[in-house]
Each structure stands twice: as structure tokens, then as C-alpha cells.
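Thanks for coming, everyone. I'd like to walk you through a few spots in this model, so let's put it up on the screen.

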Amino acid sequence: MNDFIGINIENYKIVSLLGKGGMGIVYKAYDTKLDRFVAIKMLNPQNHDNDRFIERFKREAKNQAKLTHPNIATVYGFIEYEGLLGIVMEYLDGDGLDKIIYRKKRIGLIDTVSIIKQVLQGLGYAHQKGFVHRDIKPSNIILGRDGNVKIMDFGISKSLQDKGMTKTGAKVGTLYYMSPEQVKGGDLTIQSDIYSVGCTLFEMLVGEPPFYNQTDFEVMEGHLKRDPAKISKLIIGLPEDLDKIIFTAMKKNPEERFFSCEDFFQALEQLKKYYNTISPKIKQHNNKTKIRIYSTIGFSVFVLIFIMLSYFIYSQVYELIESKKIFELRKYGIESLFEKKFANNFKISKLEIQTKSNLNSVYFLNNNIGIVAGDSGTCLLTTNSGKNWITKKIDSSLTFNDVFITDDGKSFLITNDGNIFYSRDYFDNYRVNSTNNNCALLKIKFVDNLIGFALGSKGTLLYTNNGGETWGQLKTGTSELLYDIDFVNKNTGFIVGWNGVVLKTNNGGLNWNPEKPFANKYIKSIAFDRSGNGFAVGAPGVIYYTNDGGTSWNEYLTNNMGSFQKIRFLDNKKVLGVGNKGTLIYTDNLGDDWKLVDSGYFINFSNYCITPNKNIYITGINGLLLKIK
């Protein structure tokens with residue numbers, strides 16, 4: 001569709017590509033009749049035979065065309081060109097709120113309130129017209145260079161009088177911003193949008209959404225069962241009244257939230273009394289001499305305290321260095337090891353891949369053949385080391401959490417609804433094994449071509465001894481979420497999960513028994529070498545190490561580095577861990593010395609694998625796939 005650039009469609013000349021999404025591609029175009037720039041959203045060609053997508057696309061044009069408000073992007077018309085469908089809309093010169101948050105890390109209170117109030121004005125107008133947006137999130141909010149805010153993408157909006165557009169139980173929206181009723185597939189109301197605005201407000205101030213965990217299950221659990229963290233505790237200087245506003249917007253019961261966007265708006269208006277406290281201004285005083293005297297005294301006291309503090313720090317550090325104790329402390333605090341300590345022997349490149357969906361897993365059979373999998377039914381195959389990727393057409397409503405390829409070429413995908421996809425030709429053809437237990441499967445692993453395990457929510461552990469032809473369920477004695485599995489040797493293996501749960505087998509995985517937890521939150525990944533050395537990682541950014549096959553574990557604390565997602569041995573000495581916010585940690589001496597790897601991305605990584613020739617492939621959100629040599 002890039003071939004459109006430079007051509008004329010009716011009275012619109014296509015100028016450039018603005019972006020790509022799950023439904024379509026957006027172009028900048030020039031309206032030769034009205035002498036203005038517009039944006040044209042063209043439906044992806046692969047969706048042309050999908051009646052549901054076409055219906056949704058046309059509904060977006062009709063719904064948004066009915067809404068005329070300064071804070072809602074205006075729709076000008078609907079076009080058809082050589083079998084292609086497109087919406088002509090207002091061209092906005094500005095940035096998406098998601099990109100602004102990414103660049104700034106977080107936004108100050110005054111700017112945040114100003115933006116959210118404009119969102120509430122536009123959204124309140126849509127509600128009055130009888131529409132619920134159902135997908136409010138930062139990427140659907142555009143901040144113009146003139147400071148004006150526009151709400152985008154009413155593609156899944158729904159008329160409050162329309163009872164037939166969405167089947168019962170269907171989940172719409174984006175998971176990080178979904179209201180509890182959206183998570184459960186229930187009826188959506190004005191209060192559903194208000195909940196999403198509350199999530200967006202939280203993210204603008206903190207830098208990440210309220211329940212920013214790395215599996216769909218954890219995020220849904222947050223929306224359904226947990227309160228968001230208090231903003232005033234996370235960011236020093238923000239008022240407690242802000243906590244009350246966010247808590248009200250994000251109440252689990254829709255009836256306890258703000259009744260309308262106008263009520264939400266008025267609550268934000270009350271925060272004006274804190275503006276001067278947050279951004280203090282120098283007040284005038286008639287006695288200028290007194291001000292100068294106080295300023296001089298204050299400055300002198302400051303200098304004296306600074307000198308005394310500097311001497312104290314110097315003397316204490318000098319004493320530590322002389323006594324050699326600092327080297328003992330380093331072992332127990334990775335934050336000291338990470339200061340200005342980077343591993344520079346990694347060459348990182350971004351691979352072009354045909355999706356913007358979150359990627360959850362990658363697995364390479366050999367140096368050439370690999371599969372990546374993720375949200376929205378994403379499954380892509382490469383046969384040339386990631387240079388090119390072939391999209392496999394599987395149901396786009398599915399979420400694939402993990403992928404595995406056995407040595408004899410059988411491929412497996414596991415889903416959020418408990419199904420196992422099995423293929424002998426890399427998903428040109430496949431069959432689905434249903435577990436029928438309403439669980440999310442998160443991890444699949446084969447120890448050889450015949451014996452494999454799949455694990456996930458509700459303590460689910462599935463087992464096959466015939467290469468994935470059939471699967472049976474093993475008893476785990478727990479209902480906790482299970483994340484990862486690895487073996488020390490043929491007989492001894494460990495499973496880790498939520499609330500620090502640890503399961504151990506001594507007979508090759510036929511029976512599993514609970515072990516004493518070595519973590520109090522959750523363990524996301526565990527890995528062993530054949531010498532009994534092992535590492536485990538999880539939240540809140542802790543690394544655990546064992547040198548006796550998991551009998552005992554030592555803990556290494558990191559300096560607020562967030563949660564780790566995956567850790568694996570690269571060889572018998574080298575270990576690499578990946579995490580959120582672009583974190584890569586590396587050791588080449590079994591953890592005696594850790595280094596950061598500068599990934600160049602402040603984005604959540606989800607998984608990685610290593611090929612026989614030591615190439616590393618890392619997956620992340622928004623279609624990110626990195627290759628490390």
C-alpha cells in the first residue's frame with residue numbers, strides 16, 4: 001500500500017505515510033478542492049474479505065462523523081478506491097500522548113490536568129450524543145502543537161441505543177486501560193470510559209499504567225481485584241486529593257465511579273489550589289533588605305552543610321575502600337555494580353516485522369528457522385535468520401503466550417484460553433488441542449522430542465509423552481499462576497510462579513511437590529545449567545542464585561530496575577536477563593559481576609532465545625524484535 005504515495009484518490013493526493021495499525025494504514029493527503037491537508041485511514045487489504053472488519057470500519061466513519069467537537073478528531077467523509085475502503089479525517093499536527101509519555105517518562109500535574117480536562121470535555125460530549133468510546137488510552141489521544149487535545153479512533157465506539165453490535169462476552173478495548181466490566185465481557189457504559197480515563201491519568205503522572213505487569217492474567221487480576229497504587233506515595237509532592245480522584249474514577253463497581261465526565265472534570269478543578277505549592281513562585285516583600293539578608297544567611301548555611309556532608313561521604317567511602325569492605329558489599333547490591341558499568345560487546349539491531357502487536361515469545365529451531373508469536377493472533381515465520389518474516393493466518397482474536405519448536409520440527413503455540421496449537425509444517429496447517437479447563441497457558445517446553453510440559457493459571461500443568469499428540473493434566477497441589485519450568489538434569493526440575501510458589505520433581509516431571517518459597521512475590525523465570533548452577537528472576541527486580549541444584553538460594557538486590565521477564569544461560573558462564581523498561585543484564589562469570597547492556601529502548605521486553613551460533617532474539621511490546629550478535 002506504500003504505492004499509494006503520489007497518486008490521486010478522488011480529490012485527495014497522497015503525500016506520505018503517517019502510521020500503521022491493526023485495522024489500517026493512515027496516510028497524509030492534500031485535499032485539492034478545499035486546499036487543506038487531511039488524514040486518510042485505509043482498511044488493510046487482508047481485511048477486505050472479513051465482514052466483521054468492514055462493518056467496524058464503516059461504523060467508525062459513521063460514528064465519528066456524528067461527533068463535532070473541538071476535542072474530537074473530525075471525520076470529513078468516506079471513500080472507496082479500486083475495492084479499497086478509506087475514512088477521510090482531520091489531519092492533526094501533533095504527537096500521540098503515548099509518544100509524549102515515552103519521551104518524557106512522566107508528565108507534570110498541571111499539564112496532565114489540562115490534557116485530561118480536554119479529554120473529558122470531548123468524551124462528555126460524545127456521551128451526551130449517546131456514544132461510549134470503549135478504547136480510551138494514550139495512543140488514542142493526540143496533543144496538537146497548539147496545545148489542543150483531540151480524541152481519536154471511535155472505531156469500536158458503541159451507541160448506547162445499539163444493542164446488537166457486540167456479542168455477549170466479547171472483550172473490546174486495550175487491556176491496560178480496560179474497566180472490570182470490559183475484562184469480564186459485560187455491558188459497557190459511560191463509567192467504563194471514565195475508568196479508562198482514570199488509568200490514563202495515572203500513567204501520565206507515573207509513566208506507566210496502574211497494573212503494569214507482563215501477562216494478561218496479572219493485568220486482568222489487577223483491574224478486577226486490586227486498587228491502584230497511591231500517586232502521592234509514588235511521586236513526591238503530588239497531593240493526596242489526587243489519589244481520591246483516581247480511586248473514584250477506577251472503582252470496581254461502575255456505580256461508585258464519577259457519574260459523568262462533568263463530575264470528573266469538577267473534581268480535577270479542585271486541584272488548582274495545589275498548583276502554587278507544586279510550582280512555587282517567589283513572593284514579593286516590601287523589605288527587600290531583609291530578603292537579601294535572609295537569602296545570604298540561607299546560602300551560607302547551605303554551603304556549610306554541603307561541605308560537611310561532602311567530607312562525611314568522602315571519609316566514609318575512603319574508609320570502606322581502605323578496609324576492602326566495599327568489595328563484600330558489592331556482592332549484595334547489584335545497584336553498585338551497575339553504576340557506569342556496561343557490557344559493550346553486544347551489537348544490537350532492530351528487525352523489521354509486519355506487526356505492531358505485542359510480541360510474547362520467540363523460538364529458533366536452528367540458526368535460520370524461527371517463529372515469533374504474540375497478541376492478535378500474531379504468528380510469523382522466518383527461514384533466513386530474521387531477514388524476512390512470513391505471516392501465518394490464524395484467528396486474530398487469539399493471544400499466543402509462548403511458542404516452541406522441537407528438534408524434529410513440530411511447532412506448538414499456546415493461548416490465553418487454554419488451547420495448544422500443533423503443526424508439522426510451521427502453521428501452514430495445524431490442529432488445536434483444547435484443554436477445556438478455562439485456564440490461560442503461559443509456558444510450553446519440551447525436554448526432548450517426546451516429553452513436554454505446558455503450564456499456566458490456576459496451577460495448571462499439562463504433560464505429553466508422545467510428542468504433543470495428546471496431553472494430560474498433572475496434579476500440582478496449588479491454584480497459583482505458574483510461569484516457568486526448567487530441569488537441572490533428567491530427573492530433577494523446578495516450576496516457579498505467583499506468590500513465590502516453587503514446585504520440584506525428582507522423577508522427570510511425573511510428580512511435583514511444593515518446596516519452601518525463596519521469594520515473597522513472584523518468580524517469572526528460572527534457568528539451570530548441567531552443573532547445578534541456577535538463576536531465577538522476578539519482582540521487584542530481584543535475582544536469585546543457586547550453585548547446588550536449587551537446594552539453597554542467595555538473593556541479589558537491584559536498584560529499582562523493575563521486574564525481570566526471562567533469564568537464560570548463554571553458555572556455562574554467561575547469563576542474560578531481560579526485563580521491562582528496556583532492561584538487559586549480563587554476567588560472564590556466573591553472577592560475581594553483573595553489567596547492564598544498553599539496549600537503546602525504554603520499552604518492555606517479554607522473552608528471548610539463543611540460536612546455536614549465539615545470535616540472540618528478543619521480543620517486546622508494539623512489535624519490537626531485536627537481534628543481538
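Let's start at Thr587, which sits in strand β35, residues 584-587. Keep in mind as we go that this is a predicted model. Is Thr587 buried or exposed? With a relative accessible area of 0%, and the cut-off for buried being under 20%, Thr587 is buried. Its side chain still has a polar partner: a polar atom there lies 2.9 Å from the backbone oxygen of Asp593. And if you leave out residues up to four places away in sequence, Thr587 touches Lys573, Lys574 and Val575, along with Asp592, Asp593 and Trp594.

Next, another strand residue, Tyr544. You'll find Tyr544 in β31, residues 542-546, and at 3% relative accessibility Tyr544 is buried as well. Which residues does Tyr544 contact, beyond its neighbours within four places in sequence? There are Phe518, Ala519 and Ile523, then Gly534, Phe535 and Ala536, and finally Trp553, Asn554 and Glu555. For Glu555, look at the backbone too: the C-alpha atoms of Tyr544 and Glu555 are 4.6 Å apart, although eleven residues separate the two along the chain.

Now please rotate over to a sheet. Here three strands form an open, antiparallel sheet, ordered β7-β9-β10. Its edge strands are β7, at 94-96, and β10, at 149-151, each paired on one side only. On average, neighbouring strands in this sheet are turned by 25 degrees against each other, ignoring direction. Between β7 and β9, residues 141-144, there are three bridges, and the two strands run antiparallel. If you want a landmark, Gly96 stands opposite Ile142 in β9.

Two helices come in against these strands. Helix α3, residues 109-128, packs on the sheet and touches β9 and β10, making about 45 degrees with the direction of β10. Helix α2, residues 97-104, lies across β7 and β9 and runs at about 80 degrees to β7.

Let's stay with α2 for a moment. Leu97, Ile100 and Ile101 are buried in this helix. Why can we say that they line one face? Because, looking down the axis of α2, the buried residues fall within an arc of 100 degrees. Their cover includes β7, β9, α3 and α5. Just after α2 comes Lys105, with a positive phi near 75 degrees.

That brings up α5 again, this time with another helix. The axes of α5, residues 190-206, and α8, residues 240-249, come within 8 Å and cross at roughly 145 degrees. On the α5 side we have Ile194, Tyr195, Gly198, Leu201, Phe202 and Leu205, and these meet Leu242, Ile245, Ile246 and Ala249 of α8. How do the contact residues divide by type? Nine are nonpolar, one is polar and none is charged.

Last stop: backbone angles. Most residues other than glycine have a negative phi. Glu10, though, has a positive one, near 55 degrees. Glu10 is placed in the loop between β1, 8-9, and β2, 12-20, and is exposed, at 53% relative accessible area. Asn499 also has a positive phi, near 55 degrees. Where is Asn499? In the loop between β26, 493-497, and β27, 502-505. At 42% relative accessibility, Asn499 counts as partly exposed.

That's my tour, and I'm happy to go back to any of these views.

Key: Residues are numbered from 1 along each chain as its sequence is written. This is a predicted model: local features need pLDDT of at least 70, side-chain atom pairs count only at pLDDT 80 or more; totals for chains, interfaces and linings use all residues. Side-chain values use heavy atoms; hydrogens and water are left out. Two strands pair if DSSP finds at least two bridges between them. Helices (H or I, at least four residues) and strands (E, at least two) are DSSP runs, numbered from the N terminus. Axes are lines fitted to C-alpha atoms, for helices over the stretch in contact, and angles run from 0 to 180 degrees between N-to-C directions. Contact means heavy atoms within 4.5 Å. Buried means under 20% relative accessible area, exposed over 50%, partly exposed in between (1.4 Å probe, protein chains only). A polar contact is a pair of N or O atoms within 3.5 Å; within protein, one must be able to donate a hydrogen and the other to accept it, and residues adjacent in sequence count only if both atoms are side-chain atoms. Ala, Val, Leu, Ile, Met, Phe, Trp, Tyr, Cys and Pro count as nonpolar, Asp, Glu, Lys and Arg as charged, and the others, Gly among them, as polar. The arc is that of the directions from the helix axis to the C-beta atoms.
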